[in-house]
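Got the structure open in your viewer? Keep the selection box handy, and let's take a walk through it stop by stop.

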Amino acid sequence: MLAILFRREGLDVILAPGFAAGRDAVAGSAEPYALVLTDLLMPDGNGMDLLPLIKQRSAHTEVIVMTAHGAVETAIEAMKGGAYDFVTKPFATNELRALVHKALEKRAIVAENEQLRAQLLRGRNRGLLGHSESMRRIFDLVQRVGDAKTTVLITGESGTGKERIARAIHDAGERRSKPLLVINCGAIPEQLMEAELFGHEKGAFTGAVSTRLGIFRQAEGGTVLLDEIGELAVSLQVKLLRVLQERKVRGIGTTGEVPIDVRVIAATNRRVEEDVRAGRFRQDLYYRLNVIRIEVPPLRDRREDIRPLAEHFLATCGAEHSKDVRGFSPDAIRALEGYPFPGNVRELENFVERAVALATGPIIGLGDLPGDVSGAAAQPTPALVGLPDDGCKLEDVLGEVERRLILQALDRSNGVRTHAARLLGVTLRSMRYRLHKHALADIGDEGDNEPPSEDPSEERG
C-alpha cells in the first residue's frame, strides 16, 4: 500500500520484505538511498539492528521507523541512533506522507550543502579526489604550501596524478592568476632542453631563427613544473641548480643574467635517492628541490579512493560522450576495487572511458569492463530492460543474463562452484557445462576434471 502511495507521488520505491532483504538492498544499491522506511519488529530481525547498517552505508540516508504504541521508547532510542523520526501504527496516510516529504527535503538540503562544500574543495584542490587518509594529508599539505615560495618535489609512480597535485598547489596560492607552465624533462633532447628552459638569442645556434625567452621567463610571477626531473641530463642539472640558487637565468647567446620570480615544482616517478647514490642525479640539486616532499601513494594502496574516482570519471566521460550513465553495478565496483591498477589513476580513467563508450544502459556492469578487471572474457552488457525498437537477438541477451548471474554466484560463493551451483538451482555438472560455454572454465575451484555434459537438460532427467 505504501509503495503504491509513494510511487504515485513520483518516488522510486524498492520493497524489501524483512530484515535480511532490507540489509541486502542497502548494501547492494549502486547509490545510497535517500530514505529508508522500516518496521521496528520484523520476523527475521529488528529495525534497530538495521539502523547502524544504513548509516554505515551513508550517514546522509534518512530513516523513519514504524512501530506499535508499546514500542515508542525503542523508537525514541532509534532517533538517538540517527533515525529522522518515527510513526506509530495505525498511522494516517497524510501524516506519513508529510513526514516522508520533510525527511526528503532535509536530505536534499544536506546533499546541496555537501555539493557546495565539494565544489569549494575542488576549487581549492582542483582535480584532486580521494577519501583515503593518505590523500587527505596531501590535500592538507597542498593548502599549507600554496602561498609558500619554497620548491616542492612530488614523487610517485606513473599515473598517480602528480601533475594534478602540482596544479592544485599553484591554484591554492597567490600565484594562481599567473601562468603554470609544464615541461617534460625526458621528452626533449638534451641539445634543445637548455634553450627550452633558459631561452636563447636569435642566431645563438643553428635553427635559432628568433629570440626565445625560455620557460622560466615565460612563467614570470607564476609556477614552473619540471616534470620527470629525474631524466634531466647531469650537465643541465648544474645550470638548473644555479638558477634555483641565484633566481636568475642566462639564455644561450646572451651576456647578462635576468632576475626571475617563479615558483618551482618538480615531479618524478624515479627513486631519486637511488639516482643520487648512483651519481645520476646531483646531490646538491636534490637537496635544493626536496625542501617540501609530497609522496603520492599508488592507487592499489588506497582502494577506498577507487569508487569516488571512478564515479568522477563516469560523470565527466558521460558528459563528453553525451551518454546517460548514472552509476556502477555492485559487481563492477567490486571488480574495480579488486584490481591492482599498475597504471594507477590514469588506468582507471581509461577503463571508465572505455566502459562509457561500450555501455548500452544507464548502469556500468561487469561486462562493460575489460577482461583483466572483470576476471572473465566479458562482453559489453546489453540493455536488458525493454525490447529495443529494432529488436534484439534473444539468445545473446539470455546468454549474457546467464553469464552475469554465474559470475555473481561465483563471487558470492568465493569461487566455490558447488555453492554457486546451489545458489543458481542447477547441478554441479550443469554448472561446469555453462562455465565452458561462456569461456569461464578457469574461474572457480580446481579439481573437477570431469568433462562437461553436452546439454544441461540432462539434469531434468
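Is Cys317 buried or exposed? Select Cys317 and switch on a surface: this cysteine is buried, with a relative accessible area of 4%. Bear in mind as you look around that this is a predicted model.

Now add Cys185 to the selection. Cys185 has a relative accessibility of 4%, and because anything under 20% is called buried, Cys185 goes down as buried too. If you're hunting for disulfides, you can stop here: the structure holds 0 of them.

Next stop, the aromatic rings. A search of the whole structure turns up 5 aromatic pairs. Start by selecting Phe198 and Phe216: their ring centres sit 6.0 Å apart and their planes are at 10°, so this pair counts as stacked. Colour by helix and you'll see that the pair links distant parts of the chain, with Phe198 in helix α8 (residues 190–198) and Phe216 in helix α9 (residues 215–218), 18 residues apart. Both Phe198 and Phe216 are buried, so hide the surface if it blocks your view of them, given that buried means under 20% relative accessible area.

Move along to Phe341 and Phe351. These two make an aromatic pair as well, this time a tilted one, with 5.9 Å from centre to centre and 45° between the planes. Which parts of the chain does the pair tie together? Phe341 lies in the loop between α14 (330–337) and α15 (344–358), while Phe351 is in helix α15, so the parts joined are 10 residues apart in sequence.

Keep both rings selected and check their accessibility. Phe341 is buried, at 0% relative accessibility. Phe351 comes in at 11%, which also counts as buried. Then add Tyr339 to the view: ring pairs link Tyr339, Phe341 and Phe351 into a cluster.

For the last stop, turn the surface back on. Which residues make a nonpolar surface patch of about 300 Å²? Select Val401, Leu405, Leu423 and Leu424, and you have it. Two helices are involved here: α17 (394–412) and α18 (417–424) each supply at least two residues of the nonpolar patch.

Finish by zooming in on Leu424, which is found in helix α18. At 30% relative accessibility, Leu424 counts as partly exposed, because that class runs between the under-20% cut-off for buried and the over-50% cut-off for exposed. Toggle back to Cys317 for a contrast: that cysteine is buried, at 4%.

Definitions and conventions
Residues are numbered from 1 along each chain as its sequence is written. This is a predicted model: local features need pLDDT of at least 70, side-chain atom pairs count only at pLDDT 80 or more; totals for chains, interfaces and linings use all residues. Side-chain values use heavy atoms; hydrogens and water are left out. A disulfide is a pair of cysteine sulfur atoms within 2.5 Å. Buried means under 20% relative accessible area, exposed over 50%, partly exposed in between (1.4 Å probe, protein chains only). Patches are made of residues with over 30% relative accessible area and no salt bridge: like charges are joined within 9 Å, nonpolar side chains (Val, Leu, Ile, Met, Phe, Trp, Tyr) within 5 Å. Accessible areas come from the Shrake-Rupley method with a 1.4 Å probe; for residues, only the protein chains shown count as cover. A salt bridge is a side-chain nitrogen of Lys or Arg within 4 Å of a carboxyl oxygen of Asp or Glu. Helices (H or I, at least four residues) and strands (E, at least two) are DSSP runs, numbered from the N terminus. Rings of Phe, Tyr and Trp (its six-membered ring) pair if their centres lie within 6.5 Å; planes under 30 degrees apart count as stacked, over 60 as edge-to-face and the rest as tilted.
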